[in-house]
Amino acid sequence: MNKKINLQIGFLTLIILVAAFSRMMPHPYNFSPLAAIGLFGAAHFEKKWLAVLIPLMATWLSDVFINNMIYAQYFDGFTLFYSGFAWQYSAYILIAIFGVAIYSKKVNILNILGGALGASLIFFLLSNFGVFISNPIYTKDLIGLVACYTAALPFAQGTLMGNLVYSSVLFGAYYVLQQNVSFFKLRHLNYSK
């Protein structure tokens, strides 16, 4: 039984890594799997510290690859962390905690959609607050904060669409696996209508 649990943790981790590295495919701005993998991990890892750690590590690994292979010309040397990463990673941690709260008892279409919407809001508010704090073009007052959030609105659509699409794919595919492959029924969440 313990071996089956470890294999399931490994498989969930693999799903999350594949989703994180799907960022290499061409996509619209902010159309990303990162919030969705936090929500998916929160719903499916029995140990909730894994629900935070695994998606965060997958995000970081994909960031290291992207920053050093795709965007290397924008950095001075090998880059482990980019400026502003703390705000974005804090958003991903909060999204995973939010996911733990909303998926603790059941997973259904309504709370998958609610998770994607909530994750989009968390990411928008926190990551753009980081931009406001660190970017000198915004005055450090309410007017500057509103200007920062207003400038970020065009990117919010990509975030929301990415969260909706990736959440649907991750949760939907895993639901189908749980229904059809006994290996995935070990920790069967209450997927309901």
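## A tour from the loop at N30

Select N30, which sits in the loop between α1 (2–21) and α2. What you have open is a predicted model, and residues are numbered from 1 along the chain. Check the backbone at this position: N30 has a positive phi of about 65°, although N30 is not a glycine. For comparison, most residues other than glycine have a negative phi. Is N30 buried, partly exposed or exposed? Its relative accessibility is 33%, so N30 counts as partly exposed; the partly exposed class lies between 20% and 50%.

**The whole chain**

Zoom out and colour by secondary structure. The protein has six helices and two strands. Reading from the N terminus, the order of elements is α-α-α-α-β-α-α-β. Along its principal axes, the C-alpha trace spans about 55 × 35 × 30 Å. The radius of gyration is 17 Å, which agrees with the value near 16 Å that a compact globule of 193 residues would have.

Now show the surface. The accessible surface of the protein is about 10,600 Å², and 72% of this belongs to carbon and sulfur atoms. Of the 193 residues, 42% count as buried. Among contacts between residues at least 6 apart in sequence, 69% join residues at least 24 apart.

**Helix α1: T13 and A20**

Hide the surface and select T13, which is in helix α1. T13 has 18% relative accessibility and therefore counts as buried, the limit for that class being under 20%. Show the side chains of F45 and I54: T13 touches both, with residues up to four places away in sequence not counted.

Go next to A20, also in α1. What is the relative accessibility of A20? The value is 0%, so A20 counts as buried. To see what surrounds A20, select P33, L34, I37, A58, T59 and S62; A20 is in contact with these residues, leaving aside its neighbours within four places in sequence. Then draw a distance from the C-alpha of A20 to that of W60. The two residues are 40 apart in sequence and 9.1 Å apart in space.

**Helix α2 against helix α4**

L34, one of the contacts of A20, also takes part in the next packing. Select residues 34–44 for helix α2 and residues 85–102 for helix α4. Two packed helices are described by the angle between their axes and the distance between the axes. Here the angle is about 35° and the axes are 8 Å apart. The crossing of α2 and α4 is right-handed.

Which residues of α2 and α4 meet? On the α2 side, display L34, A35, G38, L39 and A42. On the α4 side, display Y92, I95, A96, F98, G99 and V100. By class, the residues of this contact are nine nonpolar and two polar, with no charged ones.

**From A86 across to G130**

Stay in helix α4 and select A86. At 40% relative accessibility, A86 counts as partly exposed. Draw a distance from its C-alpha to that of G130. The two residues are 44 apart along the chain, and their C-alpha atoms are separated by 8.4 Å.

**Helix α5 against helix α6**

Select helix α5, residues 109–134, together with helix α6, residues 142–180. At what angle do α5 and α6 pack? The angle is about 145°, with the axes 8 Å apart. As for handedness, the crossing of α5 and α6 is right-handed. Sorted by class, this contact has 20 nonpolar residues, six polar ones and no charged ones.

**Last stop: N128**

Finish with N128, in helix α5. N128 has a relative accessible area of 13% and is therefore buried, falling under the 20% limit. Which residues are in contact with N128, leaving aside its neighbours within four places in sequence? Show F123, C148, Y149 and A152. Of these, C148, Y149 and A152 have numbers within the range 142–180 of helix α6. A final distance to draw is the one from N128 to L145. These residues are 17 apart in sequence and 8.9 Å apart in space, C-alpha to C-alpha.

Note on methods
This is a predicted model: local features need pLDDT of at least 70, side-chain atom pairs count only at pLDDT 80 or more; totals for chains, interfaces and linings use all residues. Side-chain values use heavy atoms; hydrogens and water are left out. Axes are lines fitted to C-alpha atoms, for helices over the stretch in contact, and angles run from 0 to 180 degrees between N-to-C directions. Helices (H or I, at least four residues) and strands (E, at least two) are DSSP runs, numbered from the N terminus. A crossing is left-handed if the near helix is turned anticlockwise from the far one by less than a right angle, and right-handed if clockwise. Contact means heavy atoms within 4.5 Å. Ala, Val, Leu, Ile, Met, Phe, Trp, Tyr, Cys and Pro count as nonpolar, Asp, Glu, Lys and Arg as charged, and the others, Gly among them, as polar. The radius of gyration is taken over C-alpha atoms; the globule rule is 2.2 Å times the number of residues to the power 0.38. Buried means under 20% relative accessible area, exposed over 50%, partly exposed in between (1.4 Å probe, protein chains only). Accessible areas come from the Shrake-Rupley method with a 1.4 Å probe; for residues, only the protein chains shown count as cover.
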